Amino acid sequence: MRDDQPAHVVIAGGGFAGVACARRLAGQPGVRVTLIERNGYHQFQPLLYQVATAELTPDDVRFDLAAMFAKHDNVEVRTAEVVAADPAGPAMTLAGGEVVDGDVLVLAAGSQPNFFHTPGADRHAFPLYSLEDAERVRSRVLQLFEDASAKPELVDEGALAFVVVGGGATGVETAGALAELVHDVMPHVHPRLAVAGARVILVDLGHAVLGPFSDDAHGYAARQLQRRGVQLRLGTSAKEIGPGHVGLSDGATIRTHLTVWGGGLMAAPLAAASGVSQGRGGRIDARPDLTVEGFPAVYALGDVANIPAADDQALPQLGSVAQQSGDWAGRNILADRKGEGRQPFQYHDKGIMAMIGRKAAVAEIGEHRHELRGRLAFAAWLGVHAQLLANAGAELNAFLAWADEFYLRSHHRSAALLDPATINTPRIHWQDG
Ligand SMILES: Cc1cc2nc3c(=O)[nH]c(=O)nc-3n(C[C@H](O)[C@H](O)[C@H](O)COP(=O)(O)OP(=O)(O)OC[C@H]3O[C@@H](n4cnc5c(N)ncnc54)[C@H](O)[C@@H]3O)c2cc1C
């Protein structure tokens, strides 16, 4: 890199980490940024299950990246898939073969679902990791209610049995939101259907939901889910998934046409295609300053990285970790450019939280994990997520309107979101078993 030329920073991934890094570098002298995102938009994953359960529209959680950086001449947004990264180049290769040379590479490609080789899961389970996934889940729920309404005997074939695999935050939030949709909203949409036959079943190999939380929180979350009609099948795992059933490790078979996969994550494929060594979960092991061992001009951030924590473990895959690591990498890139040293990443822990349903949330805040429940936890959840949205440069209007609606008015849903015309999953062939 010549010192009189701006350093070219090439970022793969426009999620929390990539956007935070680009925002830190936007408008700064001495750097120019190419932000490459296959979708062309930033998707706000913490609100995906609200899209899946018809509480929010896809547009509420999708933010156009070109518009976000329109005011910054030194940031170019490209809609493209990065298929490989060459850390020695350093360069990235796009689908189609174009090579984008850079002075600094930022790998921020996030995660992908990990099906743990469960037979049939990749074909028949519905993951919840992208906006497309969330729209598929919503479509399938609407379709199943439509079909069961037209032919009530399909309930016996599992038309109204909804299975969620995974008792972590994603699984718990999805099961809670699905139960509220199924039991509180859909009876108004299909008043003649016997919705009492509908079931939401949460399956997890562990003996408690929300594993990383305290024992008290496990009990609270389980009670809140059960109060909403969620059946817990703990201590058992999904062994095999078909188009019309899930086979469990305890020998049981559940007839179902919607199995939502919240069972685990691994690094996005770009980790393997970047020629650097991968650690746990296929993630790239980052050094404390967020660069990759042996490549001081290559950064690995957010979900695609194992970022070292003080206790020798890796930080969890969370929006705040991704966002803060993106911002920190931006600072280190600028420090490097000025000849100042790169600093080890310091994570400001916001705690962990999960929204189980309306007026039921749990949060463990700060280093000492002070526990909150109910409306205080909901307030903490709102605060953290509003800040994540604002830091990502996104509009807060839809989020605040949703929070108000969700907390105060409960079961309202926009008719457009419940319109069967929006169904975008293939129709079910009911002879499949
Ligand atoms: C359903 C769900 C709920 C969640 N809820 C919460 C929550 O409440 N609170 C919280 O803190 N965290 C939550 N998380 C976790 C949080 O969303 C992630 O930790 C965070 O999104 C990671 O940010 P990231 O930038 O590393 O990756 P991502 O946000 O996944 O962004 C990666 C981006 O890279 C793009 N990309 C990937 N590969 C390529 C490629 N080859 N070429 C071009 N572009 C590519 C993707 O399209 C994506 O836009 C949730 C996650 C999910 C799935």
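Is the crossing in which α5 passes α6 right-handed or left-handed? Keep that in mind while we look around this model, which is a predicted one.

Let's start with those two helices. α5 covers residues 131-150 and α6 covers residues 169-189. Two packed helices are described by the angle between their axes and the distance between the axes. Here the angle is about 35 degrees, and the axes lie 12 Å apart. As for the opening question, α5 passes α6 in a right-handed crossing. If you want to find the contact itself, look on the α5 side for Val-141, Leu-142 and Phe-145. They meet Leu-178, Leu-181, Val-182 and Met-186 of α6. Sorted by class, this contact has 7 nonpolar residues, with no polar and no charged ones.

Now move over to the ligand. There are 28 residues around it, and the ones that come nearest are Glu-37, Gln-45, Val-82, Asp-303 and His-385. His-385 is worth zooming in on: one of its polar side-chain atoms sits 2.8 Å from an oxygen atom of the ligand. Asn-39 also points a polar side-chain atom at a ligand oxygen, at 3.3 Å. With Leu-318 the backbone is involved instead, as an N or O atom there lies 3.2 Å from an oxygen atom of the ligand.

How much of the ligand's accessible area does the protein cover? On its own the ligand has 990 Å², and the protein covers 94% of that. The elements that give two or more residues to the surrounding shell are α1 (16-25), β2 (31-37) and α8 (319-337). Of these, α8 gives the most, with 3 residues. By class, the shell is made up of 12 nonpolar, 12 polar and 4 charged residues.

Key: Residues numbered from 1 in each chain as written. Predicted model: local features only at pLDDT ≥ 70, side-chain atom pairs only at ≥ 80, totals over all residues. Heavy atoms only, no water. Near = heavy atom within 4 Å. Polar contact = N/O pair within 3.5 Å; in protein donor to acceptor, adjacent residues only side chain to side chain. Areas by Shrake-Rupley, 256 points an atom, 1.4 Å probe, with all protein chains shown as cover. Helix = DSSP H or I, 4+ residues; strand = E, 2+ residues; numbered from the N terminus. Nonpolar A, V, L, I, M, F, W, Y, C, P; charged D, E, K, R; others polar. Axes fitted to C-alpha atoms, helices over the stretch in contact; angles between N-to-C directions. Left-handed = near helix turned anticlockwise from the far one by under 90°. Contact = heavy atoms within 4.5 Å.
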